[in-house]
Amino acid sequence: MKKQRVVVKIGSSSLTNSHGGLSQDKLNKHVKAIVALRKQGHEVLLVSSGAVATGFTLLGYPSRPATIEGKQAAAAVGQGLLIQAYNDAFSKYGLAVAQILITRIDFSKRQQYNNVYNTLSVLLKRGIIPIINENDTVAIDELTFGDNDMLSALVAGLIHADTLVILTDADGLYDSDPRVHPHAKKFKQVDEITPEIEALATASGSSVGTGGMKSKILATKLALSLGVHVFIGTGNGKETLTDILEGKGKGTYFGHSLLSTLKSKKQWIAFHSDTNGQIIIDEGAAFALIHGGKSLLPAGVTYVDGNFLPGEVVEVYSIDGHLLGKGLINYSSAQLKEVQGNSTEYAKNHLDIERIEVIHRDDWVALQEKIQEVVTK
Ligand SMILES: Nc1ncnc2c1ncn2[C@@H]1O[C@H](COP(=O)(O)OP(=O)(O)O)[C@@H](O)[C@H]1O
Ligand SMILES: N[C@@H](CCC(=O)OP(=O)(O)O)C(=O)O
């Protein structure tokens with residue numbers, strides 16, 4: 001079997017006991033499964049929740065705190081202990097771990113983003129298991145939106161992973177929340193995240209998790225757009241990570257066979273390219289590009305910066321200055337300046353241009369931290 005680069009995301013619900021605290025037993029089982037993957041030659045990065053679960057009792061809370069400050073304080077206490085627990089477990093197999101705490105916003109700043117990439121690359125090359133969590137103390141919306149799912153998708157894209165495995169307490173995506181509807185039907189394979197699929201997953205979930213299936217599906221959508229295959233399941237019992245990679249998992253597989261073709265081009269746009277300019281687009285264009293799966297047209301462009309030629313890569317920002325993504329541009333900077341804010345018809349009449357879309361949707365990669373905000377608008 002081809003050696004893969006795999007990101008495994010373990011949710012709070014897959015790490016906790018019935019009181020909501022850290023279950024050493026569950027953690028040990030995940031570690032054993034990861035070690036088995038490593039023994040087969042796969043590279044593994046871990047995105048692990050569980051800091052709040054590990055910390056809250058030490059602060060004197062009888063159960064998982066409900067307030068943001070309470071969760072942030074619990075995470076601050078729990079994170080060190082969580083890493084210690086992983087370190088103890090992995091060291092029995094002769095493996096060392098590294099702690100990486102990041103927030104989504106780090107992905108929109110080029111320097112930070114490059115630093116994370118460089119650090120993770122060295123760690124993987126040297127055989128260390130990176131264990132990533134949100135930097136909960138400074139994160140603004142992680143603990144309310146369950147962004148460890150989104151974080152895992154961003155990490156998977158950043159590091160050019162082949163597969164993202166999201167482990168949770170639900171053994172896949174069902175046509176409705178199986179907690180509420182015991183007869184709900186499970187999907188074995190989902191090729192792409194359509195609006196219908198998106199609508200099936202709700203934000204309700206376990207008492208310890210955040211974001212429910214909804215945040216996993218949004219994360220899956222982002223991962224697929226970056227060319228990463230996704231699996232959602234429990235990774236419990238007989239379903240080992242090895243089975244999951246071999247296609248024998250009991251959960252849901254996302255992504256189709258064309259993904260690998262998509263992958264190299266999109267990943268090149270996303271990660272390997274030098275960008276030659278920046279453009280700013282209005283809200284309507286941002287929505288169409290990110291949510292509507294549409295191409296970017298000249299009417300949505302409000303500002304053009306830098307010197308670029310058709311076929312080069314530019315960064316696309318929202319009006320409020322957030323990096324939304326990158327795309328292959330069909331216009332030179334001079335051409336775009338001439339027609340920005342105008343209709344497609346106007347651009348056709350004024351320019352001799354091969355492709356009329358400023359950025360075609362097939363040449364666009366969403367990298368933005370604001371995906372949820374835009375999607376839920
Ligand atoms: N359509 C659906 N299919 C499966 N699970 C769903 C669906 N909609 C909502 N859920 C809920 O999502 C929960 C998992 O999310 P969450 O509790 O946030 O877990 P985690 O801590 O692993 O991130 C499941 O326990 C399930 O109740
Ligand atoms: N960063 C937090 C995770 C928040 C959370 O609940 O995430 P998840 O269980 O993945 O939905 C922690 O470590 O506790």
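The following paragraphs describe the domain layout, the annotated binding sites and two helix packings of a predicted model.

The protein chain is divided into domain 1, which spans residues 5-264, and domain 2, which spans residues 273-376. The C-alpha centres of these two domains lie 32 Å apart. An unreviewed UniProt entry assigns the annotation "domain: PUA" to residues 277-360. Over residues 277-360 the chain is 26% helix and 27% strand, and the C-alpha atoms at the two ends of this stretch are separated by 17 Å. Gly 292 is found in the loop that connects α11 (283-290) with β10 (301-306). With 13 other C-beta atoms within 10 Å, Gly 292 is partly exposed, since a residue is classed as buried when there are 20 or more such atoms and as exposed when there are 12 or fewer. Gly 292 is separated from Leu 22 by 270 residues in sequence, and the C-alpha atoms of the two residues are 40 Å apart in space.

According to the unreviewed UniProt entry, one "binding site" annotation covers Ser 49, Asp 136 and Asn 148. Although these residues are spread over 100 residues of sequence, they cluster in space, the largest C-alpha distance being 10.3 Å. Asp 136 is located in the loop between β4 (129-134) and α5 (142-145), and it counts as buried because it has 24 C-beta neighbours inside 10 Å. Asn 148, by contrast, belongs to a helix, namely α6, which comprises residues 148-158. Asn 148 is likewise buried, with 32 other C-beta atoms within 10 Å. When residues up to four places away in sequence are not counted, Asn 148 touches Lys 9, Val 47, Ser 49, Asn 133 and Glu 134; of these contacts, Ser 49 is itself covered by the annotation that includes Asn 148.

A further "binding site" annotation in the unreviewed UniProt entry covers Lys 9, Thr 168, Asp 169, Thr 210, Gly 211, Gly 212, Met 213, Lys 214, Ser 215 and Lys 216. Lys 9, which is included in this annotation, is among the residues touched by Asn 148. Thr 168 is found in the loop between β5 (163-167) and β6 (189-190), and with 25 C-beta neighbours inside 10 Å it counts as buried. Thr 210 lies in the loop that joins α7 (195-200) to α8 (212-225), and this residue is also buried, with 22 other C-beta atoms within 10 Å.

Helices α6 and α8 pack against each other at an angle of about 15°, with their axes 8 Å apart. This angle makes α6 roughly parallel to α8. The contact is made by Asp 149, Met 150, Ser 152, Ala 153, Ala 156 and Gly 157 of α6, together with Ser 215, Lys 216, Leu 218, Ala 219, Leu 222 and Ala 223 of α8. Ser 215 and Lys 216 are also covered by the "binding site" annotation that includes Thr 210. The crossing of α6 and α8 is right-handed.

A second packing involves helix α1 (residues 24-39) and helix α3 (residues 68-91), whose axes come within 10 Å and cross at roughly 50°. The two helices are therefore oblique to each other, and their crossing is right-handed. In this packing, Gln 24, Leu 27, Asn 28 and Val 31 of α1 meet Ala 85, Tyr 86, Ala 89 and Phe 90 of α3.

Note on methods: Residues are numbered from 1 along each chain as its sequence is written. Chains are lettered from A and ligands numbered from 1 in the order in which they are written. This is a predicted model: local features need pLDDT of at least 70, side-chain atom pairs count only at pLDDT 80 or more; totals for chains, interfaces and linings use all residues. UniProt positions are given in the numbering used here, feature names are shortened, and annotations may be inferred rather than shown by experiment. Helices (H or I, at least four residues) and strands (E, at least two) are DSSP runs, numbered from the N terminus. Two residues are in contact if their C-beta atoms, placed from the backbone, lie within 7 Å. Domain bounds come from an automatic or database domain assignment. Axes are lines fitted to C-alpha atoms, for helices over the stretch in contact, and angles run from 0 to 180 degrees between N-to-C directions. Angles under 35 degrees count as roughly parallel, over 145 as roughly antiparallel, 65 to 115 as roughly perpendicular and the rest as oblique. A crossing is left-handed if the near helix is turned anticlockwise from the far one by less than a right angle, and right-handed if clockwise.
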